[in-house]
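Hi,

Here is the structure I said I would pass on. Have a look at it first, and then read my notes underneath.

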Amino acid sequence: MSLEKKIRNFLQGPRKGETFELKNGLVSQYRGERKDAIQRVIQAMTVGKDVSALFPDVLKNIATYDLEQKKLVYLYLMNYAKTHPELCILAVNTFVQDTEDPNPLIRALAIRTMGCIRVAKMVDYMEIPLSRTLKDDNPYVRKTAAICVAKLFDLNSEMCIEFGFLSELSKLIKDPNPMVVANALNALFEIKDMNTNPDLEIIEVNKGMVSNLLMCLNECTEWGRITILTTLNDYKAETSNEANHIIERIIPQLQHVNPSVVLSSIKAIINQLDSISVTAQRSSILKKLSAPLVSLVSSSIPEAQYVGLKNIRIILEKYPQILSKELRVFFIKYSDPLYLKLEKLEIMVRLANDSNSTLLLGELKEYAMEFESSLVAKAIRSIGTVAIKLTGCVIKSVNLICSLIDQRGGDLIINESIIVLTNILRRYPGKNDLITLIVPIISNHTSELSKNEALSGYIWLLGEYPKYFSQLKQNLSDLIDGFLDYESLLQLNILTTIVKINLSIENQTYSNYLQKVLEMATKDCENADVRDKAYIYWRLLSSSSKESQKKIVLSKLPPIKTTIASFNPVVLEALVKELSTLASVYHKPSFTFIDPNLYSPLSSDQVTTRRSKSSNKDENIEDLTNLAKQEIINNSKNENLLDFDDDEVKPDNSSSNGSASLLDELNDLFSAPSMPSQAQPTQPVQSSTNDILDLFKTSAPQSSQQNQNLTQGIDNLNIDNTSSSSSNQNKLNNDLLDLF
C-alpha cells in the first residue's frame, strides 16, 4: 500500500507554490488574468514579501493601454529596479514612448518613474524624454518633470548641467501655472542643498522673481505656498515701501488652516521687519502676528502644539511684547501631556509682568500641587523666576513657597524651594526683610536636603549671612564631619564658606574649623581642584594682611539678573531664519545636526567608478554563473521536489544496473536525494518533471542528463524549479542569456 500511495502522489505531480501561480498568471494569454496577477504581486510587495524573482514576468506587462495596470507595473519597477539594474534597460523604449502618449497622465507617469529608478544606466536615456516633458503643453507634466531634474542631478550632476536642464528648470519659475512654479522652486532648493560646486549658482532671488511669486501665492496649494514663502524668506527688501508691499501680500496667509503655512508666513514677515524704518508700523505688524501665534496653541494635536510652542519661544525672545496680553492661552489643561505642560511654563514666565503677576502666581501654585514630579519642580522654579524678574512680587512669591513647604512638604518640594529661595537672595542681596524671612525656613530643613544644588545654596547662605543662623557652629560642624563624603563641588563650597566665616567672625572655634578643613583638603582629599584651592587659601591666610584677605575673599559679586534661559544673539538670529523647521524644535541651528556631505551628489570620479563597475559586471560571467548555481542549490535545499510523502524511506545504496527490478527503481526514486554541500557547488541537482521521468532510465545516461539539466537550470536563473517548459519560458531564457 505504501508503494501504491507513492506512485499515486508521483502521478499527481509536484505541489505548486504562490510564486508559480503568479508566474503563470503574469504570462497568461488573457488580459484579465495578467492584471489580476500584477495586483496580487503588488499586494505581496506591500506586505513585505520578496517578489523580486518575478521581475522579468512583470516587466513583460509594461506595454499596455490599461492605465491602472501601467501604474502597478511602474510601481513594481521603482521598488525592485536596484535588484535588476540590467533588466530595467528593457523598459526604456516603453518609457520613451509613454512620454509621447496623448494622455498627459501617462506622460507624467513615465517621466516620474524614470526619475525614481535609481539606476546609473537609466541616466543615459533620460535626455530626450526629460527635455520633451519640461516643455510639455500640460502643466501637470511640467511640474512632474521639474522634480525629475532634481533626481537626475542627484545621480549625475555633470550631465544635468551639460544638457541645460538647470536652465530649463530656472525658466519654469516664470511659468503661468502656480504649481509648476512651486515644484520648480522645490527642485532648485533640493539641487542647491546637493550642490558642491561653489562656482555654480543654482537660484538667485531677485525683485522680479519676488513679484511673480507674490502673484502665485494665493493660487497654490498649501505645500506650494510653503515653498514660495520659504523662498521669500531669502529676499531682503531694499526699501521700506517694498517691505510693506511684501508683508501686505503675505498677511492673508496668516489665516490659513495649515500651521506650517502660518509659521512660514510669520517667518517671512519677521524677515522683512528690519527693512521697515518706522517704529509704529513695526509695532502694528507685530500686533497682527499675535492671533496667528495663538492659533498654533489651539490645535487639537499635541505634537502640533509642541512645535508651535517651540517656535513661539524663539519669537518671544526676539520680540518680548508680542504676546503680553495672551497669558491665559498658555494655561495648562489637565489633558495636556507632560512635555506640553513644561513648555507652556517656559512661555508663561516669559509673559509675566506686573499686571498679570497675581494671576500667574495663583496658577503656578495649582501646578505645584500636582502629582507629576517634573511639573511640580518646574512650577516651583517658575515661581522663583517670576520673583527674580518682577521686583514687586518678591514677598508674595516667597510667602507662596513657604506655604507650599508647610502644606505639602516632602523632599522634592523642600529641595526645589531651597534652590529657589537661594536664587532670590542672590538676586536681592542684603535685604533684611528677605533674609529674616528665608534663612529660618532653610535652617529648619537642613537635614532634608539631598540635591547637590540645594546643598550648595545652603552652604553659600552660611558663608554669606552667617550671623542670621542661630546654630551656625552646629551647622559647620556637621559639614566638616562629612567633608570627605561630599562631591568635589560641595567640598569647594564648604572650603570657601568656612574661610569667609573665619574672616567675618573672629572666633577660635571657627579658626579650628578652618585648620581642620584645610588639613583634610590638602592631605586626604583626592580631587586636585580642592587641594589647589586649599593651598591657595592657606598661602593667602598666612602671608597677606587681614584687609587684603577680606578684599579678596569677601568681595561681592554682581547679583544675578534672571534665571530664564536665553539664546546667544548669533544663535537667535539663525533660529529666527529657520522658524517652522526642525532647527526651531531642537533650538539649534540646522548646521549643528545636519551633515551637508550626506546631500552632496556623486563626483565625476564616483560616476566613472560606478559605470566601470557596471561594465565589469558583463565580464564576470563565471562569477555570475557560480552564484546562479549556488542559488539553485539553496532552492533545492529549501524545497525538495521529490519528497511527496511524509514517511521517511531509507535510500537503497545498492548499485543499479540494466536488470534492476521496477520496485528497486521506485525505491530509488522516492528516496530523498542527498544534497550537495557548500564546498561542491557544481554537483548536479534535479529540478524539473523531465528530470523525474529520466530517473526511470539506467544510471549510465542519468549522470549526463543531470549535467544537462544543471546547465538548463543555470540559464533559467530565477525560473521556478517546479514549472514545466513552455514557449514563454523559453523566450525569457533567451532574453536572460543575452544579458550574460
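Let's start with a pair of helices: α29 and α31 count as roughly parallel to each other, because that label covers angles under 35 degrees (over 145 is roughly antiparallel, 65 to 115 roughly perpendicular, and the rest oblique). Their packing angle is about 10°, and the axes are 9 Å apart. An axis here is a line fitted to C-alpha atoms, for helices over the stretch in contact, and angles run from 0 to 180 degrees between N-to-C directions. Helices are DSSP runs of H or I with at least four residues, strands are runs of E with at least two, and both are numbered from the N terminus.

Before going further, a word on where this comes from: it is a predicted model, in which local features need pLDDT of at least 70 and side-chain atom pairs count only at pLDDT 80 or more, while totals for chains, interfaces and linings use all residues. Residues are numbered from 1 along each chain as its sequence is written, and side-chain values use heavy atoms, with hydrogens and water left out.

Back to the pair. α29 and α31 make a right-handed crossing (the near helix is turned clockwise from the far one by less than a right angle; anticlockwise would be left-handed). On the α29 side, the residues that meet α31 include Leu492, Leu495 and Thr496, and their partners in α31 include Lys533, Ala534 and Tyr537. Contact means heavy atoms within 4.5 Å. Sorted by class, this contact has eight nonpolar, three polar and two charged residues. For the classes, Ala, Val, Leu, Ile, Met, Phe, Trp, Tyr, Cys and Pro are nonpolar, Asp, Glu, Lys and Arg are charged, and the others, Gly among them, are polar.

Is threonine 496, in this helix pair, buried or exposed? Threonine 496 is buried, because its relative accessibility is 17% and buried means under 20% relative accessible area (exposed is over 50%, partly exposed in between, with a 1.4 Å probe and protein chains only). Threonine 496 touches Lys533 and Tyr537, leaving aside residues up to four places away in sequence. Threonine 496 also sits 7.7 Å from glycine 463, C-alpha to C-alpha, though the two are 33 residues apart in sequence.

Now a second pair. α25 (residues 411–427) packs against α27 (residues 452–464) at about 40°, with axes 8 Å apart, so α25 is oblique to α27. This crossing is left-handed. Among the residues making the contact are Ile418 and Leu425 of α25, plus Tyr458 and Trp460 of α27.

Two backbone spots are worth a look too. Most residues other than glycine have a negative phi. Serine 580, however, has a positive phi near 65° and lies in the loop between α33 and α34. Histidine 587, in the loop between α34 and α35, has a phi of about 60°. Serine 580 is partly exposed at 23%, whereas histidine 587 is buried at 12%.

How many disulfides are there? The count is zero, where a disulfide is a pair of cysteine sulfur atoms within 2.5 Å. The sulfur of cysteine 148 is 7.8 Å from its closest cysteine sulfur, in cysteine 116, so a bond is out of reach. Cysteine 148 is buried, at 2%.

Finally, the whole protein: it has 40 helices and zero strands, and 46% of its 740 residues are buried.

Cheers
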